[in-house]
Amino acid sequence: MFILTMRVRDYECDIQGVVNNSVYQNYLEHARHEFLLANNVNFAQITAQGINLVVTRAELDYKASLKPQDDFYITVECVRESRLKFAFIQHIYRSVDDKLVMQAKVIGTGVNAKGRPEIPAALSELFSVQA
């Protein structure tokens, strides 16, 4: 399981003093990109090859709120959903007490230059390693 640690920045919070709901998607995306890089899957290189990795669905369950300067960590696991879809299973936890803040399932696919679904080989290899 991949783990990325981060800290809440003041500007990510809303008038209620908690992280704005939309910011969590930025956290999740950053963790996915770092997960791919840690597994030798370069998002930019895949794009340069004419394959765009896209999110097709995001299921987000908010459990608690993060506040300014909270340290937290995100876990990432990748699974194959179908022949042409993959899913990132992600959790965000507050570091001080390991409280679950969010659980998410982000489903995606690759789309080639012809607009057809295509999973790049580097990503397919990752699924076989994770399984």
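These legends go with several views of one predicted model.

**View 1. The whole chain, end to end.**
Let's start with the parts list: this chain has 3 helices and 5 strands. If you walk along the sequence, you meet them in the pattern β-α-α-β-β-β-β-α. The radius of gyration is 16 Å, close to the 14 Å that the globule rule gives for 131 residues, so the chain is as compact as a globular protein of that length. Put a box around the C-alpha atoms along the principal axes, and that box comes out at roughly 45 × 30 × 20 Å.

**View 2. Inside the fold.**
How much of the chain is buried? Buried residues make up 38% of the 131 residues. Now look at who touches whom, counting contacts with a separation of 6 or more: 64% of them are accounted for by residues 24 or more positions apart.

**View 3. Strand S1 beside strand S3.**
Here you can see strand S1, which covers residues 2-7, paired with strand S3, residues 71-82. Which way do they run, parallel or antiparallel? They pair in the antiparallel sense, over 6 bridges. To find one of these spots yourself, pick out Thr5 and look across to its bridge partner in S3, Tyr73.

**View 4. The hairpin from S3 to S4.**
Stay with S3 and follow the chain onward: a hairpin of 2 residues joins S3 to S4. Strand S4 spans residues 85-94, and S3 and S4 pair in the antiparallel sense over 10 bridges. A handy landmark is Thr75, which stands opposite His91 in S4.

**View 5. The largest pocket.**
This close-up shows the largest pocket, with a volume of about 250 Å³. A total of 18 residues line this pocket, and Glu29, Arg32, Val54, Val55 and Val106 are the ones that lie nearest its centre. Helix H1 (23-38), strand S2 (52-62), S4 and strand S5 (99-111) are the elements that each give two or more residues to the lining. So you're meeting S4 again here, this time as part of the pocket lining.

**View 6. Who lines the pocket?**
Which element gives the most to the lining of the largest pocket? That's H1, with 6 residues. What kinds of residues make up the lining? Sort them by type and you get 12 nonpolar, 4 polar and 2 charged.

How values were computed
Residues are numbered from 1 along each chain as its sequence is written. This is a predicted model: local features need pLDDT of at least 70, side-chain atom pairs count only at pLDDT 80 or more; totals for chains, interfaces and linings use all residues. Side-chain values use heavy atoms; hydrogens and water are left out. Two strands pair if DSSP finds at least two bridges between them. Helices (H or I, at least four residues) and strands (E, at least two) are DSSP runs, numbered from the N terminus. On a 1 Å grid over the protein atoms alone, a cavity is a set of points where a 1.4 Å probe fits but cannot get out, and a pocket is an open set with protein on both sides within 12 Å along at least five of seven lines; lining residues have an atom within 4 Å of a point. Grid points are joined across faces, edges and corners, and a volume is the space filled by probe spheres set on the points. Ala, Val, Leu, Ile, Met, Phe, Trp, Tyr, Cys and Pro count as nonpolar, Asp, Glu, Lys and Arg as charged, and the others, Gly among them, as polar. The radius of gyration is taken over C-alpha atoms; the globule rule is 2.2 Å times the number of residues to the power 0.38. Buried means under 20% relative accessible area, exposed over 50%, partly exposed in between (1.4 Å probe, protein chains only). Contact means heavy atoms within 4.5 Å.
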